Amino acid sequence: MSSYTIAVNKFVNDTFGSDIKNLQKIEKIYADVLKKKENLEKQLSIVADDAPTTIEASIDAARSSLDEAEELQQEQVRVEKDVSDYLDKTKFAEEKYEKSMSEIKAVEKCQTYLRWVAKIEDTSAGIQQSILSDSIKEACQTFKILTGFSSEFVSKDTRCRNLLAYLTRTIMFWYKILTEKLSSELEVLMKQIGWPFVSNPGPHKLLKTHDSSEKSTPSPFTTPDPAVNLDKIFGSLLCIELPKHLRDTMNKEVKENGGVAMETDSNFPATDITEDPLTEDEPDFIPLPFQLLLRPLVKRFGYHFTGKKETNSIHKPEWYLSQVLKWIGNHVGFLENTIQPILDDHNFEHVDALLMFTQGLLKLVNDKLSLDMMEVIEMDELFIHTVDEVLLFHRELKLAYTIPDTMLKRYSPMNILTQPQCLIKWLNIEKTAAVERLDTLLSAEDAWHSKYEDSDDSDEMKTPSCAESFVSLLLTITDRYKSLSNNVAQLKFLDLQLLLLDDFRIRLTQMLRSIGRNQFDEARFAILNAAYYITLVLQEWADNVFFLQLKYHKDQLETPLGEFAFSRLQNEENMQVETSPERDQSTDETVFESTINLFERICSEGVKDFVQVVATEFGLKSHAYSYDDWPTMPPAVEQEAMLVSRTACPMLELIQDRLFLFEESLCQTLFHRVWHEIAEYIDDHLFKEVVMKNRFNEGGAYQLQFDMNRNLFPLFRTYSTKPENYFKRMKESCLLLNLQRGSALLLMELLSEETDKELASKNTDNVSDPVRALSDMGIYLIRPKDAARVLKRRIDWTS
């Protein structure tokens, strides 16, 4: 059906509908259609008459536009030709103008060049004039202007290499003169105040003194106050400090000529530290005035600790280490109270006087230690002695003189010990010594005895002396490597500790196996106490910030990128140190997680073995009690005094003896675990073997309750204020068996009406709910079905 037909049908249906009377509208519709037809024909006629006129007008306009475009194109060609002809005529003038401008620019450059030369010469002449007039301070200020020229040239990357070279030579010429002059003045002044303070601590502040007769040459620093002179000289030295690019240039030239560079070269091992006390670009640079202050100490150090002097003994590293510590201590007051204020006054607050002084002395220590280490590393005893002295030296620097960790991590001689060859040697010696020490500890006569067993105070831990000594050994190792700045080296020491812990655990396990079937051997108790003590210590260490940081670094190294870095470091260092199996457990929460679990397993298995042995013994001792004559026992009213059952005495005696043994032999925590599990077993065993396998009369039920409440439960009262809570099955069973007859029958009737399925679907608000009824009686553990079975154990209620 076409769309036209559909439209017609829709129109007819909408217009006429189902009412036949609507057909009257057809005449009106016909008239409207005819009217629309006439209007459309009229409109078509008008359009047909106007179309030719409009089309012709459009064609004429288009032709006119084309004519104008052609004229414009011809005009463009004419203009282009005129411009080309004009450019040809002015080409010679343009070339002449460009040549003139080039010559002008060249002249301007020459003028600028000559002005810079004159500027440099005038500044140099100003320095000379200031020196001749003994105005050293002005000379230094002018010299600073000269170094500013050089910094400006370098920052703008000038191509005037000859001018820059001339400026550099001029700077170096005056730098040498000013440095020599100021150095001599500083040396004379420092002699007046007794610098360096070698034997005794120096003054904190300088006092006024008269001119020294030792000064034989005229000096601009003629003030009788040495503090003022020191401030002027020190400030002048700081003023002539060369920028880094000039120091690099001078060092390069000096080295090429076979001399010694002015800067302190960095011979320290690479570290991951980025902080620096001076600048990030020059972490090892020592300012000129500090180089001059250190010069006499450097000479003394070289005199005493190099060459063939008796004080230069490779076997006595403590001599030069203690000497350096003494020098730092003697000068700390003067540096902090006299030199540091001078630095602050001259805008050098970022420089710490004590740190700069210490840095220079540590350079001497590192050079000396690096040189000696080539021989020291071949002798084990000497090597470990040197390590001990370096560790002590590092600790003294940190504690006594509050040298910050950032500086120690960069300049401490500890970094020499983390170099690959030294670290391998150190780890091997530590491992060998630790294993030998462990052998000695375990073979000692008192190895498995507590150090405090003879003291009056109670020893709750009962830790064997070998375990305490072993922990002390691990602590000593931690103290040794805790100060290392190299994270990889620290992790290798941690691996060594984990290896020693695993070795100790294996030894404990082997000793347990060698004991055999004697579960109550004294050594077995000591081994379990040792394992628990190690577990407790490792749990405390695991929460220590230091070991948490090691865990972080360990996880970082075990990431895909970190594993590559770690293996690369190992290959570079060529380290073949054995690692523990726990090394790959990156999912552990702490670095000791796996080790703690292994030691905890020893404790758990030991407790389990003790409980099993006691369970076996208890089963034998309680056999007669389980088959006692419960249905025929006389009621309590017929007995003069209630006594414990004769058949219960063996098992109660056994429990008492074993609890006493465990309490005396195990640490408090393990003992509590043991007696808790023993109580759980006894409760379950008596419930199944006595209550559920026997029938009771009134006397038997009361006797059972008396045996439990007055004999069994009190055995555990020493360890708990409510021991009956650990025997809930027996406690609730006794309550059920000793109910009054009426209450028992009502409860039995209630329990017999309910099934487990009905209990699950029953409304908990129902007052007849047996669970609610049992709870009201104080019975929470025994289920309704088992409670019904217990009630049926009474022969006088079911007959």
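Lys462 is partly exposed, with a relative accessible area of 21%. Partly exposed denotes the range between buried (under 20% relative accessible area) and exposed (over 50%), with a 1.4 Å probe and protein chains only. Lys462 is not a glycine, yet its phi is positive, at about 50 degrees. The residue sits in the loop between helix 13 (420-443) and helix 14 (465-481). Helices are DSSP runs of H or I of at least four residues, strands are E runs of at least two, and both are numbered from the N terminus.

The model is predicted: local features need pLDDT of at least 70, side-chain atom pairs count only at pLDDT 80 or more, and totals for chains, interfaces and linings use all residues. Residues are numbered from 1 along each chain as its sequence is written, and side-chain values use heavy atoms, with hydrogens and water left out.

Helix 14 is mostly covered, with 13 of its 17 residues buried. The end C-alpha atoms of helix 14 are 25 Å apart, which agrees with the 24 Å expected for 17 residues at 1.5 Å a residue. The expected span is 1.5 Å times one less than the number of residues.

A second positive phi occurs at Asp134, at about 60 degrees, although Asp134 is not a glycine. Asp134 lies in the loop between helix 2 (26-132) and helix 3 (136-155). Its relative accessible area is 40%, and Asp134 is therefore partly exposed. Another loop holds a cis peptide bond, from Trp195 to Pro196, with omega near 0 degrees. Pro196 belongs to the loop between helix 4 (161-192) and helix 5 (226-239).

Helix 2 also includes Leu87. Leu87 joins Val79, Val83 and Tyr86 in a nonpolar surface patch of about 400 Å². Patch residues have over 30% relative accessible area and no salt bridge; like charges are joined within 9 Å, and nonpolar side chains (Val, Leu, Ile, Met, Phe, Trp, Tyr) within 5 Å. A salt bridge places a side-chain nitrogen of Lys or Arg within 4 Å of a carboxyl oxygen of Asp or Glu. In an α-helix, residues three or four places apart point the same way, because there are 3.6 residues a turn.

Asn711 lies in helix 23 (residues 698-712). Asn711 counts as buried, at 19% relative accessibility. A polar atom of the Asn711 side chain lies 3.3 Å from the backbone oxygen of Phe706. Beyond its neighbours within four places in sequence, Asn711 is in contact (heavy atoms within 4.5 Å) with Val644, Leu652 and Phe706.

Notes:
A polar contact is a pair of N or O atoms within 3.5 Å; within protein, one must be able to donate a hydrogen and the other to accept it, and residues adjacent in sequence count only if both atoms are side-chain atoms. Accessible areas come from the Shrake-Rupley method with a 1.4 Å probe; for residues, only the protein chains shown count as cover.
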